[in-house]
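This report covers salt bridges, strand pairing, the nonpolar core and a few single residues. The sequence and the structure come before the text.

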Amino acid sequence: MNIRASADIRTNYNAVIEECRQTGEPIYLTKHGKGDAVVMDIASFERREQLLRAQQMVLEAYIDNLSGVKTFSTDEVKAIMEKI
C-alpha cells in the first residue's frame with residue numbers, strides 16, 4: 001500500500017502520478033496523519049471500473065438464475081441472432 005502526505009500531491013505532482021503509472025496501484029493521501037483521498041492513474045482506474053462492471057454483470061446473472069429467470073445457452077443465442 002502506497003501512502004503519502006497530501007502535501008506531496010501539491011509539491012510533487014509529477015512524481016506521484018508517475019509512481020501510480022509505474023506501480024498500477026493507487027496512492028493513499030493523508031492529511032494530519034489520517035486518510036483523506038486516493039489518487040490513481042486513469043488507465044488503472046478504467047481497468048478497475050471495467051472489472052467492477054463485469055463482476056456486477058456476473059452477480060446480476062447469478063441472481064437471475066437463482067430467481068428462475070429464463071437463461072439462454074450460447075447455442076440458443078447464436079440461433080436467435082442468426083434468425084435476426
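The side chains of Asp-8 and Arg-4 form a salt bridge, with N and O 3.7 Å apart; a salt bridge here is a side-chain nitrogen of Lys or Arg within 4 Å of a carboxyl oxygen of Asp or Glu. This is a predicted model, in which local features need pLDDT of at least 70 and side-chain atom pairs count only at pLDDT 80 or more, while totals for chains, interfaces and linings use all residues. Residues are numbered from 1 along each chain as its sequence is written, and side-chain values use heavy atoms, with hydrogens and water left out.

By the rule above, the model has four salt bridges. The table gives three pairs, among them the one just named.

| Pair | N to O distance |
|---|---|
| Asp-8 and Arg-4 | 3.7 Å |
| Arg-4 and Glu-19 | 2.5 Å |
| Arg-48 and Glu-25 | 3.6 Å |

Arg-4 also forms a salt bridge with Glu-19. That pair links distant parts of the chain, with Arg-4 in strand 1 and Glu-19 in helix 2, 15 residues apart. Helices (H or I, at least four residues) and strands (E, at least two) are DSSP runs, numbered from the N terminus. Arg-4, Asp-8 and Glu-19 are linked in a network of salt bridges. Arg-4 is partly exposed at a relative accessible area of 22%, and Glu-19 is partly exposed with a value of 22%. Buried means under 20% relative accessible area, exposed over 50%, and partly exposed in between, with a 1.4 Å probe and protein chains only.

Arg-48 and Glu-25 meet in a salt bridge as well. Arg-48 is in helix 3 and Glu-25 in the loop between helix 2 and strand 2, 23 residues apart, and this pair too links distant parts of the chain. Arg-48 counts as partly exposed at 38% relative accessibility, and Glu-25 is partly exposed at 40%.

Asp-41 has no salt bridge although it is buried; the nearest side chain of opposite charge, Arg-47, is 5.1 Å away. For charge, Lys and Arg count as positive and Asp and Glu as negative, and His and the chain ends are not counted. Asp-41 lies in the loop between strand 3 (34–39) and helix 3 (42–66). Apart from neighbours within four places in sequence, Asp-41 is in contact (heavy atoms within 4.5 Å) with Cys-20, Arg-21 and Gly-24.

Cys-20, with the same neighbours set aside, contacts Glu-25, Ile-27, Val-39, Met-40 and Asp-41. Cys-20 also belongs to the largest nonpolar core, whose six residues are Val-16, Ile-17, Cys-20, Ile-27, Leu-29 and Val-39. Helix 2 (13–23) and strand 2 (27–31) are the elements that give two or more residues to this core, and helix 2 gives the most, with three residues. A nonpolar core is a set of buried Ala, Val, Leu, Ile, Met, Phe, Trp, Tyr and Cys residues joined through side-chain atoms within 4.5 Å. In soluble globular proteins, nonpolar side chains tend to be buried together.

Strand 2 pairs with strand 1 (residues 2–5) in the parallel sense through four bridges, and with strand 3 in the antiparallel sense over five bridges. Two strands pair if DSSP finds at least two bridges between them. Thr-30 of strand 2 is the bridge partner of Ala-5 and stands opposite Gly-35 in strand 3.

The hairpin of strand 2 and strand 3 has two residues between the strands. His-32 is in that loop and has a positive phi of about 55° although it is not a glycine. Most residues other than glycine have a negative phi. His-32 is exposed, with a relative accessible area of 78%.

Helix 3 has 25 residues and reaches 36 Å from its first C-alpha to its last, close to the 36 Å expected at 1.5 Å a residue. The expected span is 1.5 Å times one less than the number of residues in the helix. Gly-68, with a positive phi near 85°, follows helix 3.

Arg-10 is found in helix 1 (residues 7–11) and is exposed, with a relative accessible area of 65%. The C-alpha atoms of Arg-10 and Val-39 are separated by 12 Å, and the two residues are 29 residues apart along the chain.
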